[in-house]
Each structure stands twice: as structure tokens, then as C-alpha cells.
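Biologist: I should like to learn how the terms used for this structure are justified. Please set each value against its definition.

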Amino acid sequence: MGWLLFGVVGFLIFMAIAIYNRLVKLRMASQGAWADVDVQLKRRHNLVANLVETVKGYTSHEQDTLEKVIQARNQAVAIGSATGSAGGAKQAGIAESMLTGTLRQLFALSESYPDLKASTQFQDLQQALQQLEDAIQNARRYYNAVVRDYNTRIQSIPDVFVARVGGFTEREFFELQDEEERAVPQVEFGTGS
């Protein structure tokens, strides 16, 4: 009887250690995935600064739009610096959505300035920003997938018991805050003549 009890206790300890290690692995993966998102966002912030400087050279009386972009960029940088971890994913999502909105205004502004629109430097920055947006989207998807797996594990039995004792807490998803980005595009077919 003693050996059986010893075997059961040993098995439970082994399972607790295995679960704990699996949770640590997922937590580290989520932190690594957030670091990838953070790197892409920093690259975006640097590119936006270059883009604003390029636009300034072509538009002398569009200061309001440029100031909004600069303010949104600075806010996104400040939130990214302050959070420094996946714990601020929600705040970062809000700030990045605001920056995206002001960038739309900036690109709409370029339509009014043919010299700016034709500038190879502006076109290169615009293309680099589009590629960067794709990289951010991929990093965000990966981060959210890892967070989903992590959050599911810490809420599932038997992992939930080890998670509570081990201090594992849920992580926030990095979600879009801009309703335009979430909305399904509307397709309208003309009747034709």
C-alpha cells in the first residue's frame, strides 16, 4: 500500500512539473512573440518620422495634419516604451490604431500635391510602410495565436491548478481598435449601362 501511495504522489509531482514547464514555455513564447511585434512597431515609428519629414518638404500649409501624425506617433512610441511587454497590448493597439488613422489622412493629403505624390522618396517610404504593415500584421497574428494557446492552457484542467499556484495570469490580445480596419469591405456592383 505504501508503494502505491508513493507512486501516485510521485506521478502527481511529475505531472505538476510537466504542466509548469509547459506553461513557462508558452509564457516565454508569448513574450518572444510580443518582442517581435514591438520590433515591427518601432520600425514603423521610425519610418513614420521619415515620412513626415518628406511630406514637410512638399507641403508648407498642411501643418495640422502633420502635427496630428507626429502626435499619434509620439503617443504610440511612449506607450510602447512604457509597456515594454505584452501586458500593454491593449494600450498599444489603441495607440497604433490612432496612428493608422492619421496616416490615412497623410496619404489622402498627398493626393492634393502632385509633386509629393510623384516623389520617389515618398513612393519608396509609402511602399516600405506597406511592407512593414504586412510584417506587423503577421507578427500580430502569431502573437495572438500564442496568447490564445497560453490563455487556453491556464484555464484548462488540470493546468489551471498549476497556473494558479505558479502565478500565471492571462495575457491581452493585440487587437485592432479601428472600426474601419475591423469592418468587412462593402462591395457594390454597378448596374451598368
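Modeller: Of the 193 residues of the protein, 36% count as buried, where buried means under 20% relative accessible area, exposed over 50% and partly exposed in between, with a 1.4 Å probe and protein chains only. This is a predicted model, in which local features need pLDDT of at least 70, side-chain atom pairs count only at pLDDT 80 or more, and totals for chains, interfaces and linings use all residues. Residues are numbered from 1 along each chain as its sequence is written, and side-chain values use heavy atoms, without hydrogens and water.

Biologist: Why is Ser30 called buried or exposed?

Modeller: Ser30 has 0% relative accessibility, and therefore counts as buried.

Biologist: What makes the link between the side chains of Ser30 and Arg171 a polar contact?

Modeller: The two side chains are joined at 2.8 Å; the definition asks for a pair of N or O atoms within 3.5 Å, one able to donate a hydrogen and the other to accept it within protein, and residues adjacent in sequence count only if both atoms are side-chain atoms.

Biologist: How do you know that the charged end of Arg171 sits over the ring of Tyr150?

Modeller: The charged end of Arg171 is 5.8 Å from the ring centre of Tyr150; the rule requires NZ of Lys or CZ of Arg within 6 Å of the centre and within 35 degrees of the ring normal.

Biologist: Why does Tyr20 count as buried, exposed or partly exposed?

Modeller: Tyr20 has 35% relative accessibility, so Tyr20 counts as partly exposed. Phe168, at 7%, counts as buried.
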